[in-house]
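Student: Please take a close look with me at the buried interior here, one piece at a time. I'd like to follow how the packing builds up from a single element.

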Amino acid sequence: MLRALAVDDERPSLEELLYLLNADPRVGSAEGAGDATEALRRINRALACGPDGPDGIDVVFLDIQMPGLDGLDLARLLTGFARPPLVVFVTAHEDFAVQAFELKAVDYVLKPVRGERLAEAVRRAAELRGAGPRGTAPRIPVHEPDPDHLPVELGGVTRFVAVDDITHVEAQGDYARLHTAKGSHLVRIPLSTLEERWHSRGFVRIHRRHLVALRHIGELRLDAGTVSVLVGGEELQVSRRHARELRDLLMRRP
């Protein structure tokens with residue numbers, strides 16, 4: 001039975017999270033904290049009594065954007081503990097996923113929280129807690145089921161994004177953000193891997209951070225010696241080392 005601590009500065013969100021946690025049969029107890037500082041005091045008190053004491057905490061369900069000490073700050077502090085609780089981030093913002101996974105979060109749940117999605121996070125935490133030492137980052141799809149689609153996970157649902165719908169890709173460390181006309185998706189694949197894999201499909205590197213699909217380039221812009229392209233309504237800078245090759249490819253484009 002997991003002992004959980006939920007942390008959120010918005011009272012309605014905290015109450016909803018506690019309701020869902022207490023309804024899960026794998027959660028033995030769930031308490032709330034209104035900010036990261038309060039949560040840190042609660043965790044320190046629990047650790048002082050020993051991990052198996054009555055006030056122990058197995059997993060923290062943690063909001064990210066909070067006044068003062070935010071959720072990422074708290075998670076970083078916990079990595080320095082000898083026996084830190086597991087961390088599940090619960091946030092309305094997808095943009096912090098890379099930092100969360102680097103901090104070895106068990107899961108990254110987006111608001112508004114759905115009961116079945118939170119249950120999946122609880123399941124992962126329960127499995128890791130039963131396995132002993134703190135586990136690794138959650139699964140992010142890595143392999144393609146076929147060359148025309150890429151699996152992405154959002155809100156606990158795996159969807160398949162057509163490669164032809166991807167306008168450009170942005171590097172984010174060992175991850176890549178796929179941009180389409182309908183939104184963006186984060187996958188654990190380095191940009192260099194996608195560059196090699198999709199070169200024959202018309203994707204070209206224009207910058208150390210960007211890979212673009214030639215068919216989705218709407219304009220090539222020259223301004224005071226700088227080069228940029230308009231892709232899917234977004235203007236992207238082209239580095240000098242890639243500018244000539246890109247112009248040549250666009251000139252030869254049917």
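Tutor: Happy to, and one term comes before anything else: a residue is buried under 20% relative accessible area, exposed over 50% and partly exposed in between (1.4 Å probe, protein chains only). Helices (H or I, at least four residues) and strands (E, at least two) are DSSP runs, numbered from the N terminus. The model is predicted, so local features need pLDDT of at least 70 and side-chain atom pairs count only at pLDDT 80 or more, while totals for chains, interfaces and linings use all residues. Residues are numbered from 1 along each chain as its sequence is written, and side-chain values use heavy atoms, with hydrogens and water left out.

Let's begin at helix H3, where Gly71, Leu72, Leu74, Ala75 and Leu78 are the buried residues. These residues cover an arc of only 160° around the axis (taken from the directions from the helix axis to the C-beta atoms), which puts them on the same side of H3. An α-helix has 3.6 residues a turn, so residues three or four places apart point the same way. The cover over the buried residues of H3 includes H2, E3, E4 and H4, counting contacts as heavy atoms within 4.5 Å.

Leu74 takes us from H3 into the interior. The largest nonpolar core (buried Ala, Val, Leu, Ile, Met, Phe, Trp, Tyr and Cys residues joined through side-chain atoms within 4.5 Å) has 30 residues, and Leu74 is listed with Leu5, Val7, Val60, Leu62, Phe89 and Tyr108 as having the most contacts inside this core. Strand E1 (2-7), helix H2 (36-48), strand E3 (59-62), helix H3 (71-78), strand E4 (86-91), helix H4 (97-102) and strand E5 (107-110) each bring at least two residues to the core. H2 gives the most, with five residues. In soluble globular proteins, nonpolar side chains tend to be buried together.

Tyr108 deserves a pause. Leaving aside residues up to four places away in sequence, tyrosine 108 touches Ile64, Phe89, Thr91, His93, Glu94, Asp95, Phe96, Ala97, Ala100, Phe101 and Arg117. A second, separate core of 22 residues includes Leu2, Leu18, Ala30 and Phe61. Tyr108 also belongs to an aromatic cluster, together with Phe89, Phe101 and Tyr175. Rings of Phe, Tyr and Trp (its six-membered ring) pair if their centres lie within 6.5 Å, with planes under 30 degrees apart called stacked, over 60 edge-to-face and the rest tilted. The whole structure holds four aromatic pairs. Tryptophan 198 and phenylalanine 203 make a tilted one, 5.0 Å centre to centre with 40° between the planes. Tryptophan 198 is buried at a relative accessible area of 0%, and phenylalanine 203 is buried at 0% too.

Arg117, one of the contacts of Tyr108, leads us on to charged pairs. A salt bridge is a side-chain nitrogen of Lys or Arg within 4 Å of a carboxyl oxygen of Asp or Glu, and a search of the whole structure finds 22. Arginine 117 bridges to aspartate 107, their closest N and O atoms being 2.7 Å apart. Arginine 117 lies in helix H5 and aspartate 107 in strand E5, so the pair ties together parts 10 residues apart in sequence. Both partners count as buried: arginine 117 at 4% relative accessibility and aspartate 107 at 2%.

Lysine 111 and aspartate 8 also form a salt bridge, at 2.6 Å from N to O. This pair spans 103 residues, from lysine 111 in the loop between E5 and helix H5 (115-131) to aspartate 8 in the loop between E1 and helix H1 (11-22). Lysine 111 counts as partly exposed at 22%, whereas aspartate 8 is buried at 3%.

For contrast, look at glutamate 116 and arginine 114, whose side chains meet at 2.5 Å, N to O. Here glutamate 116 is exposed at 53% and arginine 114 is partly exposed at 32%. Salt bridges that share partners link Asp107, Arg117, Glu120, Arg123, Arg124 and Glu127 into one network.

Helix H7 (residues 240-252) makes a good companion to H3, with His242, Ala243, Leu246 and Leu250 buried. Down the axis of H7 these residues fall within an arc of 115°, so they line one face of the helix. Arg241, Arg244, Met251 and Arg252 are exposed on the other side. The cover over the buried residues of H7 includes strands E11 (203-207), E13 (217-223), E14 (226-231) and E15 (234-238).
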